[in-house]
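Morning, everyone. Please bring up the model on your screens. I will start with a question once you have it.

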Amino acid sequence: MARPIKSKKSQSVQFLFTLVLFLGLVLCSVFVITFGARVYENVGQRMEENFTGITAISYVANKVRQMDEAGGISVYQDKGQDILRLEQQISGKRYQTLIYYLDGTIRELFTESGAPLTLDDGIPILESEGIRFILEEPGILKIETLGDQGDSILLAVRSEGRPL
Amino acid sequence: MNQRNQSKSQLFMMEFLIVLLLFAVCSAICISAFVRADHISRDSVQLNRALTLAQSVAEEIKATGLVNGEVPTYFFNDDFYVRIDRVVEDQILIADITVSRKDDANNRICQIQVKKYLPEEGRYEGND
């Protein structure tokens, strides 16, 4: 008669052990999934930081390098915003590219000099918290993106640039 | 009947342990992949920032043609240690810009070289 009691006891111990193992498996799975999700989130966040910090700067830097000709680069302010003006001559006519920040986006306006287009007519390039252009010394232009993920770069301007 | 039940339960336990073992191996692989991904993403952010900094220093050297004293040979910012090695050869200023971690100067993140033609090479008074 003692045998079935022992067997019942060992059965329940076995069941408990299995249950504990199963619980361990569930906990481990949850841990792995949470860990993976957190890493994925961090990677995404860092990519976003990289994008917002570097893309705007690289875009403007390339534009400046492209149009770096004598007297072609100037910085001025309008409505409290820094505006970078890049001038160029195409088929005898003067054209200007304005790069500036307006309504949460960095915008670009390409127009013939003197055309009645306003800053509102610029094409939004990418979302940002703001951008500043500073002619630090003759020949050095500092481009700075604002916000938590903001970054800055110095550019050697061969045309020496000029504040207006 | 009892014995049959016991062997069944032992079989179940064996199966369960094998599943656990497999799970442990898979999770170890996954966790190491996650950790690697995290490291790569950190390194990529750091490399990007270090490159931007190195480019800025390079542009400053290109703009001003700094030869003596105006740019320190090394400097720190919040996160990085920047070392500038300059030499003039045949009227060409060659500057090697090395960016390392601030806490570990030997751990190089990136290095770029900038060259600038110096017509007035005579002004140069040696490397610092």
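Which residues does A:Ile143 touch, not counting residues up to four places away in sequence? Here is the list. A:Ile143 touches A:Ile57, A:Val60 and A:Ala61. A:Phe133 is there too, and so are A:Ser152, A:Ile153 and A:Leu155. Keep in mind that this is a predicted model.

Now the core around that residue. The largest nonpolar core has 26 residues. A:Ile143 is among those with the most contacts inside it. The others in that group are A:Val60, A:Val64, A:Leu84, A:Leu141, A:Leu155 and A:Val157. Where do the residues come from? Helix H1 of chain A, residues 2–66, is one element that gives two or more. S2 and S3 of chain A do so as well. So do strand S4 (105–112), strand S6 (131–137), strand S7 (140–145) and S8, again of chain A. Which element gives the most to this core? H1(A) does, with five residues. There is also a second, separate core, of 14 residues. That second core includes B:Leu53, B:Ile84, B:Val99 and B:Val114.

Next, the layout of chain A. The chain has one helix and nine strands. Along the sequence, the helix comes up front and the strands follow: α-β-β-β-β-β-β-β-β-β. How does its radius of gyration sit against that of a compact globule? Chain A has 30 Å, where a compact globule of 164 residues would have a value near 15 Å. The box tells you about the extent. Along the principal axes, the C-alpha atoms of chain A fill roughly 110 × 30 × 30 Å. Burial comes to 21% of the 164 residues in chain A. As for contacts with a separation of 6 or more, 38% of those in chain A join residues 24 or more positions apart.

On to the strands, in sequence order. S1(A) covers residues 73–78 and S2(A) covers residues 81–90. They pair in the antiparallel sense, over six bridges. A:Ile73 stands opposite A:Leu86 in S2(A). Two residues lie between the strands in this hairpin, and A:Lys79 takes a positive phi near 50° there.

S2(A) then pairs with S3(A), residues 93–102. The sense is again antiparallel, now over eight bridges. A:Leu84 stands opposite A:Ile99 in S3(A). That is the A:Leu84 from the list of core residues with the most contacts. This hairpin also has two residues between its strands, and A:Ser91 takes a positive phi near 50°.

Further along, there is an open sheet of three strands. What is the strand order? S6-S7-S8 in chain A, with antiparallel pairing. S6 and S8 are the edge strands, each pairing on one side only. From one strand to the next, the twist averages 20°. S7(A) and S8(A) share five bridges. A:Leu141 has A:Leu155 as its bridge partner in S8(A). Both of those leucines are on the core list as well.

Between S7 and S8 of chain A there is a loop, and A:Asp148 is found in it. Buried or exposed? A:Asp148 counts as exposed, because it has 8 C-beta neighbours inside 10 Å, and the cut-off for exposed is 12 or fewer. A:Gly53 is 95 residues away along the chain, yet the two C-alpha atoms are separated by 8.9 Å.

Last topic, the contact between the chains. How many residues does each chain put in? Chain A gives 23 and chain B gives 23. On the chain A side, H1 and strand S8 (152–156) are the elements that give two or more. H1(A) has the largest share, 16 residues. By type, the chain A side divides into 13 nonpolar, seven polar and three charged residues.

One residue from chain B to finish. B:Cys30 lies in helix H1 of chain B, residues 2–64. Leaving aside neighbours within four places in sequence, B:Cys30 is in contact with A:Val32 and A:Gly36. With 15 C-beta neighbours inside 10 Å, B:Cys30 counts as partly exposed. Where does B:Ala95 sit relative to B:Cys30? The two are 65 residues apart in sequence and 44 Å apart in space, C-alpha to C-alpha.

Note on methods
Residues are numbered from 1 along each chain as its sequence is written. Chains are lettered from A and ligands numbered from 1 in the order in which they are written. This is a predicted model: local features need pLDDT of at least 70, side-chain atom pairs count only at pLDDT 80 or more; totals for chains, interfaces and linings use all residues. Two residues are in contact if their C-beta atoms, placed from the backbone, lie within 7 Å. Helices (H or I, at least four residues) and strands (E, at least two) are DSSP runs, numbered from the N terminus. Ala, Val, Leu, Ile, Met, Phe, Trp, Tyr, Cys and Pro count as nonpolar, Asp, Glu, Lys and Arg as charged, and the others, Gly among them, as polar. The radius of gyration is taken over C-alpha atoms; the globule rule is 2.2 Å times the number of residues to the power 0.38. A residue is buried if 20 or more other C-beta atoms lie within 10 Å of its own, exposed if 12 or fewer, and partly exposed in between; C-beta atoms are placed from the backbone. Two strands pair if DSSP finds at least two bridges between them. A nonpolar core is a set of buried Ala, Val, Leu, Ile, Met, Phe, Trp, Tyr and Cys residues joined through C-beta atoms within 7 Å. Axes are lines fitted to C-alpha atoms, for helices over the stretch in contact, and angles run from 0 to 180 degrees between N-to-C directions.
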